[in-house]
Every structure is written in C-alpha cells, then in structure tokens.
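Please open the structure in your viewer and keep the selection panel at hand. The tour proceeds from one selection to the next.

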Amino acid sequence: MRPDRIAEHHFKAMGTTCSVFVEGAAEATLHRAEAQVRGLAARLTRFDPRSELSRFNAAAGGWVAVSPELETLLRESLRAFEMSAGLVNVAVLPAMVAIGYTRTLAAGPTQASASSARSAPQLPDVLQIAIGRARLAPGVGIDLGGIAKGWMADRMCERLGGNALVNLGGDLRARGAGPDGAGWPVGLGGSTVMLDDHAAATSSVLRRRWGEGLHHVIDPRTGWPAASGLAEVSVVTRTAIDAEIVAKAALIAGPELAPAFCAAHAEAWWLRPS
Amino acid sequence: MIDLRSLLLKAGATALTLATTVVAANYVTAHLKNPAAPLHPAVLTVAPSVRQSDVKPVTSTYAS
C-alpha cells in the first residue's frame, strides 16, 4: 500500500506498458506526461512512415533538417557506440528487417525469416551530425529503440519533480526518496533494489521473439540475433539511457566480458546465463 | 605351459590397459564441456551505493 501522496498512472505506449509515479502530482500532470511520451514516441518510431525518424531514414544519402530531440538522440547513439565498442549500434535496422522484425510485435506475430542477415556498418562511418541537421550514408537505416525509451524516461523523470519514477517498458529512472523515504523499490533480477537517484533496465532475449532463435537483440557484428551465452542482463546505473546501453552491450558481449563491463559502468547487475 | 599362461596374462593385462586408455581418452574428449550446462548461476551483484530490500517493488525492469 503506497502512501496517498504518491500519484501513479499506467498506460500503453510504444507497444509496451509505461508507468509514472510522482509524489503529490495532480492527475493533469500525469496525463500531460503520458501525452509527452506519446508525442515523442510518434516522432521517433520506425514503424510509422510519417514519423521524423522514418523520414530521416528514407532520406539516407542527403543532409536532412532534424529536430533538437532527434539530434540529441543521434549524438547519444554515437556515444552508445563508443561506450560499447560498437556492440550497441543503432544502424542495425536493415539487419532487423532482414530477419523479419518488420512491424511492432504488438501488431501481431512478425513473419519469421532467417534467410539473410547483414552486419551493421560502423556508426561513425555512416552518420554525420551538424547543428540542426544530420546525414545517413545511402542504404543505412537506424532504429533508436531502447535508446529512445531510456532517454525519454530520463527526460520525463527530470520534468516531474524531485520524487518521481518513470518506467517506459522496462527502461526506468527514479529520483528522490520514494514512497517511504528509503528510495523507490524496484524489481530487478528476482530481487528488490531501492533506487533514489538511479536508473535501471533489463535487456533480454527471452521476450520479443518471433521464431526459432529470432529475437530483437541484434549482434551488429553478425546481423543475427545475439547468442552470447547470456539470456538476460539487468543493470542499475545513474541514467536510464546508460542502463539501456550497458544492459544491451553486456548481453551481446556474453558471460566472459559482461562482468567486467558491468563492473566498469553499473552500480548493480544481474546476469542470467542462457 | 607356464610360459604360455604367463604370456596370456601379460597380453590380457596389456590389452585391458590399452582398451581402458582408449575408452577414457574418448570419454574425456567428448565431455570437455557440456554445452547445455549453465556457465554459472545468475547472481545479483550490488555496489554499496545500491541497497537490496524485502519491500514489495512498485514496478520492475521487465517490459510487458
């Protein structure tokens, strides 16, 4: 039973469940947060050809004016690539499409396809960013996926005040002392951890599957779904976007490299072998 | 006669030793690693800056 002063709101967006918890928030504040998530998600999805991201992908080869939000996310994508030594690479979109991830899984089962795969190009070689504009090399497409969700969770939580938690489909960010002054209790790897100014995320090959060996976590080195020996990685970091990057990189890196990588970048981690 | 028995015993012992060696070598080669075995148990590693608790979580990192 949470104290009455914690207002909470749950909704479906981006094909997943989103939750917002805020101390002392009015209902209108929670609905405004939902509207902001929906607005950003509509601009950053690859599944709608009218979205800003889809138009950016479609214009590959030429310079395109981009919004401040998309520009920020493109810069974050380059940072993710560097931080993960290339294991988190948003340029995996052609590989995702090649193996059948062609529409949201919420829209029904995706046609399984394992006939072809292609490794992703090195992101810094194919993405150029200037102030207010950006350019993808011809034939390249990007999927902002979890990076966008993590970034949105960070942004939303910072806007909601000093004691709030935002969970966008498992990419979550917490601020403040939580419902009872001891932090926000969050389920992670079968345990509960208390988060104050922390974030957390799980990257898993056990969900979002559409065929034998086909799932949404792509190893950019091969273009195939990752099969590293790890099935699931959960981490706690300081920001949700970093949690997303660290969890995914560790999952793709596998059990030999993941512990050291998590120790370098996370404050808590849970590694589940395949 | 005694020489023949001794020879047979020696030959049998040698054959048994060789057979055991071959079978053991084959077994070890085939069982260097069990691919289906978990590499290690899933363990939550927590730095001092994060606390664990028995409190019921308000949410989790598992997407639905």
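In this predicted model, begin by selecting strands E7(A) and E10(A), the latter spanning residues 198-204 of chain A; the two run antiparallel and are joined by three bridges. Within this pair, display Ala174(A), which stands opposite His198(A) of E10(A).

Next, keep E7(A), residues 171-175, and inspect its surroundings: five of its five residues are buried. Asp171(A), Arg173(A) and Arg175(A) lie on one side, Leu172(A) and Ala174(A) on the other, and both faces are covered.

Now add strand E6(A), residues 164-168, which pairs with E7(A) in the antiparallel sense over five bridges. Here Asn167(A) has Leu172(A) as its bridge partner. The hairpin formed by E6(A) and E7(A) has two residues between the strands, and Gly169(A) adopts a positive phi near 60° there.

Proceed to the contact between the chains, to which chain A contributes 38 residues and chain B 24 residues. On the chain B side, strands E1 (43-46), E2 (51-53) and E3 (59-60) each supply at least two residues. Colouring that side of chain B by residue class gives twelve nonpolar, nine polar and three charged residues.

Then select E1(B) together with strand E14(A), residues 268-273: four bridges pair them in the antiparallel sense. Leu271(A) and Val43(B) are bridge partners here.

Finally, colour chain B by pLDDT. The chain averages 84, with 81% of the residues scoring at least 70. The mean is 88 in E1(B) and 94 in E3(B). For the model, ipTM is 0.81 and pTM is 0.83.

Methods. Residues are numbered from 1 along each chain as its sequence is written. Chains are lettered from A and ligands numbered from 1 in the order in which they are written. This is a predicted model: local features need pLDDT of at least 70, side-chain atom pairs count only at pLDDT 80 or more; totals for chains, interfaces and linings use all residues. Two residues are in contact if their C-beta atoms, placed from the backbone, lie within 7 Å. Ala, Val, Leu, Ile, Met, Phe, Trp, Tyr, Cys and Pro count as nonpolar, Asp, Glu, Lys and Arg as charged, and the others, Gly among them, as polar. Two strands pair if DSSP finds at least two bridges between them. pLDDT is the predictor's confidence in each residue, from 0 to 100. A residue is buried if 20 or more other C-beta atoms lie within 10 Å of its own, exposed if 12 or fewer, and partly exposed in between; C-beta atoms are placed from the backbone.
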